[in-house]
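Here is a small set of exercises to work through with the coordinates open. Try each task yourself before reading its solution.

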Amino acid sequence: MSLGLLQNTLLPHFSATPLSISQSHNLLFTFPHNKNPTFTGRGSLILRAQISCNKSESIPLIKESMDLKKEVQELNRNLYEHIEPYATGFLEVSDLHTIYWEQSGNPSGHPVVFLHGGPGGGTSPSNRRFFDPEFYRIILFDQRGAGKSTPHACLEDNTTWDLIKDIEKLREHLQIPEWQVFGGSWGSTLALAYSQSHPEKVTGIVLRGIFLLRKKEIDWFYEGGAAAIYPDAWEPFRDLIPENERDCFVNAYHKRLNSPDINTQYAAARAWTKWEMMTAHLLPNEETIKRGDNDAFSLAFARIENHYFVNKGFFSTDSYLLDNIHKIKHINTVIVQGRYDCCCPMMSAWDLHKAWPEAEFKVVSDAGHSANEPGIAAELVAANEKLKNIIKTR
C-alpha cells in the first residue's frame, strides 16, 4: 500500500495526530495493545498498525491528507469572466503569411499560449476564459490562413513545421523566455509537436480532445466510422460526393476544396464544416452548427483541415507524436478527454495516456468533443489552476 493510499484509508477514523517513522521509505503501522481496527467498505479492508512515539521524526500524515483534499476541493472550476485584450498585433512570419496575435490578462503574469483547433478554426474571445486573468498573461493567435491571419484560407507554405516556427517567432517577438502550452483537438496535435520540438520553452501543458493525426483517426471520422453514430449528419456530407468517388472522402473533398470554381469550394466547405460542427457536442449545439453557414469561416476551416489530413499532418510516420513522448515526459501535463467524443474518439487519448502515464488523465463521463461543454470546460479551468499552483510554489 502506498503512503498516499494509507493516508486516505486512515483519514475517516483518526484525528490529525502526527505519525512517526523510522525509515521514510519502509513504513510499518500497528496499533498498541494488539487492537486491530476494521475498516468497512469496498473490499472490507482490515489494517493493523502501530503508532510509535519518536517525536523527532514525526510527520503529520493525516493533516497533509486533509490539506490535499481541501486544495482539490478549492480549485476553481468555473470559467472566468469575459475580458478584452490589452494588446493586439500582426506578425509577419514569412514573405507570404502574417498572423494575428493578442494578449489579455496580466501583462506581468505567467505566459500561456492558446493553440486553436481545426487546423483552420481560428481563435475566439471565449478562449480567454479558461485562464485566471490575474495570474496568466494569455496569448492567443490565429494560425496561418485562419481567423484574422492573412492570406485567408491559404495552403501555400502551411505545414505543421511552419506553425511550430511561427509559435517560436511569436514567443521571441513578445520577449517571452518560456510559457505554458494549451491546446485542444488539432491544438493538442500542435501542442505536442511544438513541445517535443522545444521542450525547454514549455513550463506545463494542458491538452483536450486528443488528436494524434493517425490514419485510423482520419478514417474513423471522414471515411464512415462516426457515421454509425450520426447517420443523419453524415448523409449530407456523403451525398455531396458521387458514388464513384466515395472510396476516399478526404481525397474527393480535396479535389472540390481546391477547385478553380469558388462556388464549388464553398459548397464543399459548408458540407465539410457542418459535418464536424454537428458532431462536436454530446448534445447538439445550434450556435456551433450555424458556424457551418459562414462561408469565410468554413472555407478556411475545411480547406486547411483537408490540406493537413491529405498530407498526414506532415509527420514522417503515423505514430510520430507517440514515438517522441519521451522528450516531454518531465513536463507537468493534464490531459482532458470527453468519453463520447466522436470527432477525436477516446482511443487516441487512451493511447497517449498509456505512452505517458506521468501526465494526469481526466475523462469527462458526460461530454463529447467541444471545449465549451460544461464538464470539459470545468476540467480545463481546473487543469490551469493546478499548473498555476505548481508555478506559485516554485
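The exercises below go from the whole chain to single rings and backbone angles, and they use a predicted model.

**Exercise 1. The overall picture**

Task: find how many helices and strands the protein has, and what share of its residues is buried.

Solution:
- Start with the secondary structure, which comes to 13 helices and 10 strands.
- Next, take the burial: of the 394 residues, 52% are buried.
- Then turn to the surface, where the protein exposes about 18,600 Å², with carbon and sulfur atoms supplying 51% of that area.
- Finally, look at contacts between residues at least 6 apart in sequence; 72% of them join residues at least 24 apart.

**Exercise 2. A glycine in a strand**

Task: decide whether Gly204 is buried or exposed, and list what it touches beyond its sequence neighbours.

Solution:
- Locate Gly204 in strand 8, residues 202-208.
- Its relative accessible area is 1%, and the cut-off for buried is under 20%, so Gly204 is buried.
- Leaving aside neighbours within four places in sequence, Gly204 contacts Trp179, Gln180, Val181, Ile331, Asn332 and Leu387.
- As a check on how the chain folds back, take Ile391: it is 187 residues from Gly204 along the chain, yet their C-alpha atoms are separated by 9.2 Å.

**Exercise 3. Two aromatic pairs**

Task: classify the geometry of the pairs Phe221–Trp275 and Phe237–Trp272.

Solution:
- A pair of aromatic rings is described by the distance of the centres and the angle of the planes.
- The whole structure holds 29 aromatic pairs.
- In one of them, Phe221 and Trp275 are 5.0 Å apart centre to centre with 25° between the planes, so the pair is stacked, the cut-off being under 30 degrees.
- This pair joins helix 5 (residues 215-222), home of Phe221, to helix 8 (residues 262-279), home of Trp275, across 54 residues.
- Phe221 is buried at 2% relative accessible area, and Trp275 is buried at 1%.
- For Phe237 and Trp272, the centres are 6.0 Å apart and the planes make 55°, which gives a tilted pair.
- Here Phe237 in helix 6 (residues 231-239) meets Trp272 in helix 8, 35 residues apart.
- Both partners are buried: Phe237 has a relative accessible area of 1%, and Trp272 has 0%.
- These four rings belong to one aromatic cluster, which also includes Phe211, Tyr222, Trp234, Phe249, Tyr253 and Phe309.

**Exercise 4. Backbone outliers**

Task: which prolines follow a cis peptide bond, and what are the phi values of Ala153 and Lys312?

Solution:
- Recall that most residues other than glycine have a negative phi, and most peptide bonds are trans.
- Gly118 and Pro119 are joined by a cis bond with omega of about 0°; Pro119 is in the loop between strand 5 (110-115) and strand 6 (136-141).
- Thr150 and Pro151 are also joined by a cis bond, with omega of about -5°, and Pro151 lies in the loop between strand 6 and helix 3 (160-173).
- Ala153 lies in the loop between strand 6 and helix 3; its phi is positive, near 60°.
- Lys312 has a positive phi of about 55° and lies in the loop between helix 10 (295-310) and helix 11 (320-323).
- To finish, compare burial: Ala153 is buried at 1% relative accessibility, whereas Lys312 is exposed at 62%.

Notes:
Residues numbered from 1 in each chain as written. Predicted model: local features only at pLDDT ≥ 70, side-chain atom pairs only at ≥ 80, totals over all residues. Heavy atoms only, no water. Helix = DSSP H or I, 4+ residues; strand = E, 2+ residues; numbered from the N terminus. Buried < 20%, exposed > 50% of the residue type's maximum accessible area, 1.4 Å probe, protein only. Contact = heavy atoms within 4.5 Å. Phe/Tyr/Trp six-rings, centres within 6.5 Å; stacked < 30°, edge-to-face > 60°. Areas by Shrake-Rupley, 256 points an atom, 1.4 Å probe, with all protein chains shown as cover.
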